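Here is a friendly walk through one protein chain, from its overall build to a few of its side chains. Have the viewer open as you read.

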Amino acid sequence: MTIETIMQKLKLELDAVRYQHSVNVMETSELLARHYGADLNKARLAGILHDCGKNYKGDKAREYIQKIGYEADRVELIQTRLLHGVIGEHLAKTVYEVTDTEVLNAIHWHTTGRPGMTLLEKIIYCADYIEPLRNFQGIENSRKSAFEDLDRCVVDCADSTIRYIVDKGVLLHGKTVETRNYSLMLLKKKIS
Ligand SMILES: [Fe+2]
Ligand SMILES: [Fe+2]
């Protein structure tokens with residue numbers, strides 16, 4: 001399937017704001033990929049599709065992961081929005097005919113991140129936060145750090161997620177904390 005066909009199909013699935021966000025993440029991912037020498041097509045593909053599972057929440061999400069045999073943890077079962085990466089990966093494979101493992105993994109992990117992310121995974125994770133529609137405290141720093149040091153940007157984005165989740169008073173996924181700590185350790189090693 002060409003990226004144009006994927007975009008047409010996705011536009012019918014997502015609401016207008018979510019679709020525009022996806023296009024923005026695709027474009028920001030491409031800029032980052034160009035900057036860091038990653039594969040541009042993979043970055044565009046993972047960027048446009050990263051939120052393709054976003055319509056699944058609550059029981060709909062729980063049913064979907066049961067159907068595909070994904071064993072969700074307790075936090076994911078309660079905070080079902082966390083599952084849209086896993087569901088998105090499956091939709092990318094089955095509906096949008098994506099076969100590239102790197103692209104599928106980038107979609108899978110974009111929500112929480114993970115320790116030891118690949119370059120493409122970091123690009124999608126960061127692009128999701130810094131695309132032009134986003135606005136949060138400290139975003140200008142994150143936009144800058146994304147093009148200076150991706151690990152710095154991952155830490156900034158994880159910090160901002162943690163702050164947001166704590167302020168909201170909902171469950172924080174352990175992987176977000178692991179991502180943050182791992183990337184911070186990477187940074188420290190670079191510094192000392
Ligand atoms: Fe997402
Ligand atoms: Fe997103």
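## Overall build

The chain holds 11 helices and zero strands, where helices (H or I, at least four residues) and strands (E, at least two) are DSSP runs, numbered from the N terminus. This is a predicted model, in which local features need pLDDT of at least 70 and side-chain atom pairs count only at pLDDT 80 or more, while totals for chains, interfaces and linings use all residues. Residues are numbered from 1 along each chain as its sequence is written, chains are lettered from A and ligands numbered from 1 in the order in which they are written, and side-chain values use heavy atoms, with hydrogens and water left out.

The C-alpha trace spans about 45 × 35 × 30 Å along its principal axes. Of the 192 residues, 48% count as buried, meaning under 20% relative accessible area (exposed is over 50%, partly exposed in between; 1.4 Å probe, protein chains only).

## Aromatic rings

Rings of Phe, Tyr and Trp (its six-membered ring) pair if their centres lie within 6.5 Å; planes under 30 degrees apart count as stacked, over 60 as edge-to-face and the rest as tilted. By this rule there are three aromatic pairs. Tyr-56 and Tyr-64 make an edge-to-face pair, because their ring centres are 4.9 Å apart and their planes stand at 70 degrees. Tyr-125 and Tyr-129 form a tilted pair, with 5.5 Å from centre to centre and 50 degrees between the planes.

Tyr-125 and Tyr-129 both belong to helix H8 (residues 119-130), four residues apart, or about one turn of the helix. Both are buried, and ring pairs join them with Phe-136 in a cluster.

Back at the edge-to-face pair, Tyr-64 counts as buried, at 7% relative accessibility. Each ring of that pair also has a lysine over its face, as the table shows. A charge sits over a ring if NZ of Lys or CZ of Arg is within 6 Å of the ring centre and within 35 degrees of the ring normal.

| Lysine | Ring below | Distance to ring centre |
|---|---|---|
| Lys-60 | Tyr-56 | 4.7 Å |
| Lys-67 | Tyr-64 | 4.4 Å |

## A buried valine

Which residues does Val-103 touch, leaving aside its neighbours within four places in sequence? Val-103 is in contact (heavy atoms within 4.5 Å) with Lys-42, Leu-45, Ala-46, Val-98 and Leu-120. Val-103 lies in helix H7 (residues 101-109) and is buried, with a relative accessible area of 0%.
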